[in-house]
Amino acid sequence: MKIFPDNISTYGQEIDDLFYLILIFVSIAFLISIIALLIPLFRKREKAAYFTGDKWVHLKWVALPLTLLAISDFIILAKEHGTWARIEEQIPQADVHIGIIGRQWNWVFVYPGQDNELNTSDDIVVDEQNSELHVPVNKNIVIDIRAKDVLHTVTIPVLRFKQMAIPGRTIMKWFQATKPGKYEIQCSEICGLLHSRMRNFLAVEDENDYKKFLSELYQQNKQLENSLVSSK
Amino acid sequence: MNHTKQNFWTKYVFATDHKVIGKQYIITGLIMALVGGYLSYVFRMQLAYPGQSIPLYGDMGPQQYNAFITLHGMIMFFWFAMPILLAGFGNLFIPLMIGTDDMAFPTVNMISFWIFFVSTIVLMVSFFLPGGAAAGGWTMYPPLSITAHQPTFWGSFFTGQTFLLLAVALEFVSMLMGGINFLTTTINKRAPGMTAFRLPIYVWFANLAGIIFMFSVGPLIAGAFMMLLDINMGTGFYDPYRGGDPILFQHLFWFFGHPEVYVLLLPSLGVTAEIISTFSRKPIFAYKTIIYMALIASVLSVIVWAHHQFISGIDPRMATFFSVGTILISIPFAAIILSYLATLWGGSIRLKMPMIWTIAGIGSFLIGGLTGLFLGSDTFDIYAHDTYFVIAHFHYVLIPVVIFGTFAAIYYWYPKYFGRMLNEKIGKIHFWLTFLSFHAFAFPLFFSGLQGEHRRIADYSSFDSLMTLPIQHIRIISTIATIILISSQLLLIINVFWSYRKGKVAGRNPWEANTLEWQTDSPPQHGNFEVYPEVYRGAYEYSLPDRTEDFYPQNEK
Ligand code: HEM
Ligand SMILES: [Cu+2]
Ligand SMILES: [Cu+2]
């Protein structure tokens, strides 16, 4: 059994590597401690040794492992900090800028209209149960994350992507997907009755398919608008 | 000592004797543990066999699922762990360990218990309210916790969420009164000669836990009060469309919620210290260092709260601060655990039931503590947050700390309070069933978490990626283990009742321990000691080289 699901994002591997790094440190610490815990149980002694550990020489048995632990702590922190900054703080120039809105109980997707800019009047909002979010492969996707009613959390395990969606705030996040395919988008913040059903998809497509999808979307949108106008 | 005559009511119900009050807390706590355990049985069955009728419950929908996980978390923390480890054991042990007759304020003590008891009733009533029990998770994050319940009659007051908040408030009042009582008692009522650095570690840690609780609970009470107003008066503290902010509650909640774990951890580590020293026949290693480390850990514990919010919209640069703080807490706690390991080293180990629980507790807690490093790292938390990796991690902290710690204490101190020993044979079976089924329940959850299984999902069938075979098997294994884990507790109940009648008579000091509670009758009479003790040495003088006996009670000249 694999440890993680496949990774299809540019930064996912760094998160996985961090896991293995920490795993090495904690496994060593665990093994040493468990051995130190079990050995005395199997050594029968009539009379216990008397040492209180109040002397500095005794304390070296605690100080030495603690120093090692502190060093591992700092290695972990040094290793992880660059990744954190790259994922959370340094948002790259957007190739595609889209919006995700959480509502009870569906993910709503917002595409920029023909002007290719989000938050303008020609934005197209797709709010269909279990719909797909289409993005092009190997492009910087920047997302505005919002929520309508309660808290939700956008979770895309294959991208190692997770961000809470908060009513009243717009949070900007980004990713770049490296492999075309259809993947699950989960909601991992309890958001009421149908939280378990709040599942949509991420469709990663190559450039051409993505263009085709967009033009179809524009067309549908046009038709919709026209029918609204004519029914007035 | 002059003690007035007692009738049934003043002796067993409205008692002011700390020993009776301690037992009242523990019995109430254990009953609530069964309630919390039953809830976990029901929702684990739902996870393993979604949509099927559950034996001893019936059909479960998503609303009940959400309510049951919410109440499971709440009950386990506030109606099981706190009342037993802090209020229960604190009442039973502190006055005896410091060599006095009772708490500083016995009547306040009695009132504290009854406020706690009322909180239990209010909580249980919340299950049966028209809208159903609270169902927004034990973290109660708004806006969900505010809007989840549509008012049904008499406004919105009679809703699960309001009653949950009221119950929590009552519980906190009770624990606050108790904590103040502990501190006053420890400061003012110590036997002559009982200096600060001769106190048993349990007394130190229980008081420290009380202080952390008092320090951290204020913001949560304020936060809960604003939530009550939001629900019942329509104010908008947490509503962004009226100028409020849902994140505000998260900060107030975790400013309390993170230290709360240390409020449970410390008393349990105190119990561990008493037992490990007595059963290795050795002084506890580096007593003073342990206490200083606990002080450092307590201070750190209140400044790392936002590590629960790495992915919930805090300033990403702030996350670094909280990540560093969290990971550095590993150092003082490692120091305490290492001191315990050094205490065992070179000891003449007596593997009696209390010691077995303690060793198993330390060994299992290591897994919980070390997996905290993964989550303390803000970067890995992007992936792990709200998955079953977290569930596995905190159950690896809480079950060794709360459940194993409680059982160790019950086996160790039962003879003191009931005059008879618990049966070791039943004890061993109880131990192995509990120990093995705990690991079988919790360990596999690390793997399903890493596979991306997110928590608080009543039914995974919407997610193809989470319906694959290894994960399905993990759900079933974990559920079967839960059933074994819960049903083996029957053995403890049998043991407690059987030994009460038929157990070996204990005598004053069956474990040959040093601390003062062992130097009086078992059970101690009302007023605790015939002759009030005077203290001549520290609590852990075992195996002194120039003595024939390997123990040296604190009050022996
Ligand atoms: C019989 C032993 C136990 C079992 C089988 C068990 C099982 C579980 C499971 C499966 C969940 C996740 C539910 C979900 O997210 O869908 C959970 C949540 C939780 N458990 Fe336990 N648990 C046990 C004991 C404890 C203890 C002793 C504590 C604390 C002292 C505890 C505290 C919690 C908390 C705080 C949650 C989170 C609730 C929430 O998501 O709102 N549990 N438990
Ligand atoms: Cu949601
Ligand atoms: Cu949700």
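Helices, which in this text are DSSP runs of H or I with at least four residues, are numbered from the N terminus, as are strands, which are E runs of at least two residues. The exercises below use these names, and they concern a predicted model.

**Exercise 1. Find the loop that holds B:Arg456, and describe the backbone and the burial of this residue.**

Step one is to place the residue: B:Arg456 belongs to the loop of chain B that runs between α14 (424–450) and α15 (469–487). Step two is to look at the backbone, where phi of B:Arg456 is near 60°, a positive value although the residue is not glycine. Most residues other than glycine have a negative phi. Step three concerns burial, for which the cut-off is under 20% relative accessible area. B:Arg456 has 8% relative accessibility and therefore counts as buried.

**Exercise 2. Decide whether A:Asn138, which has a positive phi, is buried, partly exposed or exposed.**

Begin with the backbone: A:Asn138 is not a glycine, yet its phi is about 55°. The residue sits in the loop of chain A between β4 (132–136) and β5 (141–147). Its relative accessible area is 45%, so A:Asn138 is partly exposed, since that class lies between the buried limit of 20% and the exposed limit of 50%.

**Exercise 3. Name the protein donors of the iron atom of ligand 1, and work out the geometry of the site.**

First, list the protein donors, which are B:His72 and B:His395, each through NE2, at 2.0 to 2.1 Å from the iron atom of ligand 1. These two histidines come from distant parts of the chain, 323 residues apart, with B:His72 in helix α3 (residues 62–97) and B:His395 in helix α13 (residues 388–418) of chain B. Next, turn to the geometry: the iron atom of ligand 1 has six donor atoms, the angles among them are 85 to 179°, and the site is octahedral. Finally, consider burial: B:His72 counts as buried because its relative accessibility is 13%, and B:His395 counts as buried because its relative accessibility is 15%.

**Exercise 4. Describe how α8(B) and α13(B) pack together.**

Helix α8 of chain B covers residues 246–280, and its axis lies 9 Å from that of α13(B), at an angle of about 45°. The two helices are therefore oblique to each other, and their crossing is left-handed.

**Exercise 5. Identify the residues that coordinate the copper ion (ligand 2), and explain why the arrangement is called tetrahedral.**

Start with the donors, which are A:His152 (ND1), A:Cys187 (SG), A:Cys191 (SG) and A:Met198 (SD), at 2.0 to 2.5 Å from the ion. Along the chain, the donors of the copper ion (ligand 2) follow the spacing H-x34-C-x3-C-x6-M. The angles at the copper ion (ligand 2) among its four donor atoms are 101 to 129°, and therefore the arrangement is tetrahedral. A:Cys187 also bridges this ion and the copper ion (ligand 3), the two ions being 2.6 Å apart. As for burial, a relative accessible area of 0% makes A:Cys187 buried, and A:Met198 is likewise buried, at 0%.

**Exercise 6. Locate A:Trp105 and B:Pro523, and give the omega values of the cis peptide bonds in which they take part.**

A:Trp105 lies in the loop of chain A between β1 (96–103) and β2 (106–111), and its cis peptide bond with A:Gln104 has an omega of about -5°. B:Pro523 belongs to the segment after α16 (489–502) of chain B, and the cis bond leading to it from B:Ser522 has an omega near -10°. Most peptide bonds are trans.

Definitions and conventions. Residues are numbered from 1 along each chain as its sequence is written. Chains are lettered from A and ligands numbered from 1 in the order in which they are written. This is a predicted model: local features need pLDDT of at least 70, side-chain atom pairs count only at pLDDT 80 or more; totals for chains, interfaces and linings use all residues. Side-chain values use heavy atoms; hydrogens and water are left out. Donors are N, O and S atoms within 2.8 Å of the metal (3.2 Å for Na, K and Ca); water is not among the atoms, so sites may look incomplete. Four donors count as tetrahedral if all angles lie between 85 and 135 degrees; four count as square planar and six as octahedral if opposite donors are over 155 degrees apart and all others between 65 and 115; anything else is irregular. Buried means under 20% relative accessible area, exposed over 50%, partly exposed in between (1.4 Å probe, protein chains only). Axes are lines fitted to C-alpha atoms, for helices over the stretch in contact, and angles run from 0 to 180 degrees between N-to-C directions. Angles under 35 degrees count as roughly parallel, over 145 as roughly antiparallel, 65 to 115 as roughly perpendicular and the rest as oblique. A crossing is left-handed if the near helix is turned anticlockwise from the far one by less than a right angle, and right-handed if clockwise.
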